[in-house]
Amino acid sequence: STNEMASCTEKFGDRVEGFIGGSFSKLGNKIANAPRKTILACIVLTALCGVGFMNWSTENRADKLWVPQNTIAETETQEFQSYYQSTSRFNDVIVRASSDSSSVLTKAALLDAMIMHQ
């Protein structure tokens, strides 16, 4: 009985291995016989899969990112924010050098940025 199970398992393993090996062999032959079609098919498939990225937009509002939508947590968060408004204020500044060849990391440029900050 043990020999029959071992041989049955071994036969099953051989079939699986033969199927996988045969499948990859057929695929390899098709690719080797038509490399241009394969490359074109890969490019088309990649382009089709990438079409969704045309409407890609990032979400940077913390309440939309971290509070589950249409839940009690969202309602309670809105209620909390109505009582306790945020006192934080964020400002962004982009500092550019006066000429294309200079760097904003020079002492003079950093001093100019500090004057602007004050």
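This is a short tour of the structure, one selection at a time. Keep in mind that you are looking at a predicted model.

**Start with the whole chain**

Show everything as a cartoon and color by secondary structure. You should find five helices and zero strands, so there is no sheet to hunt for, given that strands would need DSSP E runs of at least two residues. Walking from the N terminus, the elements go α-α-α-α-α.

Now zoom out and turn the model around. Along the principal axes, the C-alpha atoms take up a box of roughly 85 × 55 × 30 Å. The radius of gyration is 31 Å, whereas a compact globule of 118 residues would come in near 13 Å.

Switch on a surface next. About 11,600 Å² of the protein is exposed, and carbon and sulfur atoms account for 60% of that. How much of the protein is buried? Buried residues are 3% of the 118.

While you're at this scale, color by charge. There are 11 positive and 12 negative charges, and their mean positions sit 14 Å apart.

**Select helix 1**

Pick residues 2–33, which form helix 1. Then show side chains for Phe 12, Val 16, Phe 19, Ile 20, Phe 24, Leu 27 and Ile 31: together they make a nonpolar surface patch of about 730 Å².

Stop at Leu 27, a helix 1 residue and one of the patch members. Why can Leu 27 count toward a surface patch? Its relative accessible area is 44%, so Leu 27 is partly exposed, and patch residues need over 30%.

**Jump to Glu 59 and Arg 61**

Select this pair as sticks. Their side chains meet in a salt bridge, with N to O at 2.7 Å. The cut-off for such a contact is 4 Å, so this pair qualifies. How many salt bridges does the model have? The count is one.

Check the surroundings of each partner, too. Arg 61 is partly exposed at 44% relative accessible area, and Glu 59 is also partly exposed, at 33%.

**Move on to Asn 70**

Asn 70 is in the loop that links helix 3 (62–66) to helix 4 (72–83). What is notable about its backbone? Phi of Asn 70 is near 60°, a positive value in a residue other than glycine. With a relative accessible area of 74%, Asn 70 is exposed.

**Finish at helix 5**

Select residues 107–117 for helix 5, and pick out Ala 108 within it. Is Ala 108 buried or exposed? Its relative accessible area is 51%, which makes Ala 108 exposed, since the threshold is over 50%.

As a last step, draw a distance from Ala 108 back to Ala 62. The two C-alpha atoms are 37 Å apart in space, and the residues are 46 apart in sequence.

Conventions. Residues numbered from 1 in each chain as written. Predicted model: local features only at pLDDT ≥ 70, side-chain atom pairs only at ≥ 80, totals over all residues. Heavy atoms only, no water. Patch = residues over 30% accessible without salt bridge, like charges linked within 9 Å, V, L, I, M, F, W, Y side chains within 5 Å. Areas by Shrake-Rupley, 256 points an atom, 1.4 Å probe, with all protein chains shown as cover. Helix = DSSP H or I, 4+ residues; strand = E, 2+ residues; numbered from the N terminus. Buried < 20%, exposed > 50% of the residue type's maximum accessible area, 1.4 Å probe, protein only. Rg over C-alpha atoms; globule rule 2.2 N^0.38 Å. Lys, Arg positive; Asp, Glu negative; His and termini not counted. Charge placed at Lys NZ, Arg CZ, Asp CG, Glu CD.
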